Amino acid sequence: MVLVSACLLGEACRYDGRSQRSERVLAALEGKAVVPICPEAGAGMGIPRPPVDLAGGTGVDVWAGRARALTRDTREDRTAAFQEGARMALDAARRFEVPVALLKEKSPSCGSQRVYDTGVLRPGEGITTALLRADGRTVVSDEDL
């Protein structure tokens with residue numbers, strides 16, 4: 001069983017109201033049980049919604065209180081909503097006993113190698129990825145397939 005970013009499966013749940021359907025991801029998941037997640041939509045942030053960047057660090061830093069999730073244009077603090085969505089994703093992983101997540105790279109929630117920090121793509125992980133990894137789950141980037 002695999003936890004998967006819903007946008008990769010074709011759900012139009014991205015911040016811009018689009019999907020990131022990936023035939024490569026769908027092929028890799030063929031025959032596997034899938035638990036789709038979108039931490040941001042799940043936390044009620046709406047579709048579409050303003051783009052968000054991390055500010056001051058990575059998802060690990062957000063959980064440690066050293067960074068925040070801010071809307072790109074107005075700098076509105078959305079940290080609490082992103083954390084709520086991450087907790088919901090972790091709850092799903094625990095409920096369905098999912099050891100591995102395949103998530104969308106560059107997302108402030110799901111990025112596993114690179115995320116936007118104040119408009120600049122930097123090495124690091126998103127808020128949901130950080131929480132899943134802290135709970136001992138493996139997170140794989142869609143770009144690694």
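# A walk through the predicted model

Six of the eight residues in helix H5, which covers residues 127-134, are buried, so the helix is largely enclosed by the rest of the structure. The buried positions are Ile127, Thr128, Thr129, Ala130, Leu131 and Leu132. Just after H5 comes glycine 136, with a positive phi of about 90°. The model described here is a predicted one.

The frame around H5 can be set out next. The protein has five helices and eight strands. Read from the N terminus, these elements follow the order β-α-β-α-β-α-β-α-β-β-β-α-β. For 145 residues, a compact globule would have a radius of gyration near 15 Å, and the protein agrees with this at 14 Å. Its C-alpha trace spans about 40 × 30 × 25 Å along the principal axes. Of the 145 residues, 49% are buried. Among contacts with a separation of 6 or more, 62% are between residues 24 or more positions apart.

The surface and the charges complete the overall description. The protein has an accessible surface of about 6800 Å², and carbon and sulfur atoms account for 50% of this. There are 20 positive and 20 negative charges, and the mean positions of the two sets are 2 Å apart.

From here the text turns to individual residues, starting with serine 107. Serine 107 sits in the loop between strand E5 (100-103) and E6. Its relative accessibility is 13%, and serine 107 therefore counts as buried, since the cut-off for buried is under 20%. A polar atom of the serine 107 side chain lies 3.0 Å from the backbone nitrogen of serine 109. The backbone nitrogen of cysteine 110 is likewise 3.0 Å from a polar atom of that side chain. Beyond its neighbours within four places in sequence, serine 107 is in contact with Glu40, Val115 and Gly126.

Further along the chain, threonine 118 occupies the loop between strand E6 (114-117) and strand E7 (120-123). With a relative accessible area of 44%, threonine 118 is partly exposed. Its side chain makes a polar contact of 2.9 Å with the side chain of aspartate 117. If residues up to four places away in sequence are not counted, threonine 118 touches Asp53, Leu54, Ala55, Gly56 and Arg75. Separation in sequence and separation in space can both be stated for threonine 118 and alanine 101: the two are 17 residues apart in sequence, and their C-alpha atoms are 26 Å apart.

Arginine 75, one of the residues that threonine 118 touches, has a backbone feature of its own. Most residues other than glycine have a negative phi, and most peptide bonds are trans. Arginine 75 has a positive phi of about 65° although it is not a glycine. The residue is placed in the loop between strand E4 (68-71) and helix H4 (79-95). Arginine 75 is partly exposed, its relative accessible area being 36%.

Glutamate 97 is another residue that is not a glycine and has a positive phi, here of about 55°. The loop that holds glutamate 97 runs between H4 and E5. Glutamate 97 has a relative accessible area of 67% and is therefore exposed, the cut-off for exposed being over 50%.

The peptide bond between isoleucine 47 and proline 48 is cis, with omega of about -5°. Proline 48 lies in the loop between helix H2 (39-42) and strand E3 (52-55). Both residues of this cis bond, Ile47 and Pro48, are in contact with glycine 17, as is Ala12, when neighbours within four places in sequence are left aside.

Glycine 17 itself is found in the loop between strand E1 (2-5) and helix H1 (23-29). At a relative accessible area of 29%, glycine 17 is partly exposed. How far apart are the C-alpha atoms of glycine 17 and proline 123? They are separated by 26 Å, while the two residues are 106 residues apart along the chain.

Conventions: Residues are numbered from 1 along each chain as its sequence is written. This is a predicted model: local features need pLDDT of at least 70, side-chain atom pairs count only at pLDDT 80 or more; totals for chains, interfaces and linings use all residues. Side-chain values use heavy atoms; hydrogens and water are left out. Helices (H or I, at least four residues) and strands (E, at least two) are DSSP runs, numbered from the N terminus. Buried means under 20% relative accessible area, exposed over 50%, partly exposed in between (1.4 Å probe, protein chains only). Contact means heavy atoms within 4.5 Å. A polar contact is a pair of N or O atoms within 3.5 Å; within protein, one must be able to donate a hydrogen and the other to accept it, and residues adjacent in sequence count only if both atoms are side-chain atoms. The radius of gyration is taken over C-alpha atoms; the globule rule is 2.2 Å times the number of residues to the power 0.38. Accessible areas come from the Shrake-Rupley method with a 1.4 Å probe; for residues, only the protein chains shown count as cover. Lys and Arg count as positive and Asp and Glu as negative; His and the chain ends are not counted. The place of a charge is taken as NZ of Lys, CZ of Arg, CG of Asp or CD of Glu.
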